[in-house]
Amino acid sequence: MLSVPHSLLSLSVLCLVGATLVASSWFLLPRLLQSPTAQILLLLLSVPGLWMWRVLARPLELLRSPEDVGYIPERGRTRAQTANQVRRRRRKGELPPVYPNGWYRVLDSNMVPPGTVNNCTALGEQLAVFRTQEGKVNVVDAYCPHLGANLAVGGQVVGDCIECPFHGWQFRGHDGKCTRIPYAEKVPDFAKIKSWTSCELNGTVYVWYHCDGIEPTWTIPEQEEITKKEWVYHGRTEHYVNAHIEEIPENAADIAHLDFLHQPGIVSGVDLRYTKSKTWDFVKHIWKVQWRPEPAPNKHCSELLLEHSIRIFGKHFSLIDVNVVARQVGPGIVFLFFKHAFLGSGVIVQCVTPMEPLLQQVSHSIYYQKNIPSIVPKFILRAECTQFERDVMIWNNKKYISKPLLVKEDAGIQKHRRWYSQFYSENSPQMTFQEEGLDW
Ligand code: FES
Ligand SMILES: [Fe+2]
């Protein structure tokens, strides 16, 4: 360690060198910039520099279209045609009810600024999500009961109401009551639309769905690190999965598929025809997992404990080991908590929302410790996206099997099905074949 006089001396020298550098740059820079060559050089260097800075600093947003991922292209057909063919010819199997009871994401908070309205599809319905100037978010049915105009397409936010773009009827957000008909003397009591029970937290707007109209029996946990901005947003992915909603969370309890589907390194890509190729065989993901339902009062939650490591040429690099706890809350929300010895911690919030009986919108948003360079969470999100897209290729093409042929080691799958069945009730809607969605 330096003695006090030495450190003072070093500090003085450093200050002197620093001051000289600053002074000379102030003095030299204007002169240097008078030279056209220096100006061109500076311009040439600043363009890629700025671009790099923007790429590194801005959040990673990977938004896939329904036909983008999970299909093997067929000769002479576009990707959309291939996807539609696969959807048409696939055997559906004996499906569980299609819309489980629970909370679902409708959109992210930043998609609905104050005084605006946004249209979204969830649970087979068209919804209008609007935010008052005071900041309160409301979710109502999108179709006006008067003559059916879509309130989210041209509708205006007026106070705590949404005004229909067709004849100007106004509906109050919190209870759906019609408060004004511009050309009528009296507003009838029965004039109202459905207002959905909603909440906004973790940067997301959620709605509650129950087939019997029962009010929420549990709440979504607030992730305090997000609210307090200790963990900040670094990006989001969006996918469409052509399968029954239960297939997606069931993946957590299907332990055997991890060491098969997800073992090849992410460099092997997402096309399952090639992920086992010998070229990238030297990188392998190793998973140690345990899935378990939580006891009362959190029966609606389950937990997947996951230890992940990487082997390169058979060698284990313990420095990049990462532990993940994936906590499923209800039928459509999962918090994937990451904790690493020196790369910090954060969460990916996965939200699965059924748009149609066999079409799920899946969003992954990553929030990460703010003092960690954004390249770390963006890499995690990208890696997670790659592994997820391998599952998408399976889900988009598979049939749901209600009585699967299982071995002892698959016991977690039946356990998961029993756990998930709590989200269905007698009147939960079943798939009918006319309900197949439109072509893409
Ligand atoms: S359709 Fe909405 S006011 Fe007429
Ligand atoms: Fe998987």
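Me: How many bridges join strand β2 (residues 102–108) to β12?
Reply: This is a predicted model, in which local features need pLDDT of at least 70, side-chain atom pairs count only at pLDDT 80 or more, and totals for chains, interfaces and linings use all residues. Residues are numbered from 1 along each chain as its sequence is written, while chains are lettered from A and ligands numbered from 1 in the order in which they are written. Strands (E, at least two residues) and helices (H or I, at least four residues) are DSSP runs numbered from the N terminus, and two strands pair if DSSP finds at least two bridges between them. Strands β2 and β12 run antiparallel, and the number of bridges joining them is six.

Me: Which residue of β12 stands opposite W103?
Reply: One point along this pairing is given by D108, whose bridge partner in β12 is T204. At another point, the residue of β12 that stands opposite W103 is W208.

Me: In what order do the three strands of the open sheet with β2 stand?
Reply: Strand β11 (residues 198–201) pairs with β12 in the antiparallel sense over four bridges, and one of the partnerships here is that of S198 with V207 in β12. The edge places are taken by β2 and β11, each of which pairs on one side only. The open sheet, with antiparallel pairing, therefore has the order β2-β12-β11.

Me: By how many degrees are neighbouring strands of this sheet turned against each other on average?
Reply: The angle is taken between axes, which are lines fitted to C-alpha atoms (for helices over the stretch in contact), and angles run from 0 to 180 degrees between N-to-C directions. For the sheet β2-β12-β11, direction is ignored, and the average is 30 degrees.

Me: How many of the six residues of strand β12 (residues 204–209) are buried?
Reply: A residue is buried if 20 or more other C-beta atoms, placed from the backbone, lie within 10 Å of its own, exposed if 12 or fewer do, and partly exposed in between. Both faces of β12 are covered, with T204, Y206 and W208 buried on one side and V205, V207 and Y209 buried on the other. Strand β12 is largely enclosed by the rest of the structure, because the number of its six residues that are buried is six.

Me: Which residue in the turn of the hairpin of β11 and β12 has a positive phi?
Reply: The hairpin has two residues between its strands, and the residue in question has a phi of about 55 degrees although it is not a glycine. With 24 C-beta neighbours inside 10 Å, this residue counts as buried. Its place is in the loop between β11 and β12, and its name is N202.

Me: Is F313 buried or exposed?
Reply: F313, which is not a glycine, also has a positive phi, here of about 50 degrees. The place of F313 is in the loop between β15 and β16 (315–316). With 8 C-beta neighbours inside 10 Å, F313 counts as exposed.

Me: Which helix gives the most to the largest nonpolar core?
Reply: A nonpolar core is a set of buried Ala, Val, Leu, Ile, Met, Phe, Trp, Tyr and Cys residues joined through C-beta atoms within 7 Å. The largest one has 73 residues, and V106, L127, A128, V129, L151 and V207 touch the most other members. With six residues, the helix that gives the most is α7.

Me: Between which two domains does this core lie?
Reply: Domain bounds come from an automatic or database domain assignment. Residues 61–93 + 223–435 make up one domain and residues 102–209 the other, and both give residues to the core, so the core lies between domain 1 and domain 2.

Me: How far apart are the end C-alpha atoms of helix α7 (residues 375–397)?
Reply: The expected span of a helix is 1.5 Å times one less than its number of residues. For the 23 residues of α7, the expected span agrees with the distance between the end C-alpha atoms, which is 33 Å.

Me: Which residues is S363 in contact with, leaving aside its neighbours within four places in sequence?
Reply: S363 lies in strand β20 (residues 359–369) and counts as partly exposed, because it has 18 C-beta neighbours inside 10 Å. Two residues are in contact if their C-beta atoms, placed from the backbone, lie within 7 Å. By this rule, the contacts of S363 are R105, R236, E238 and C351.
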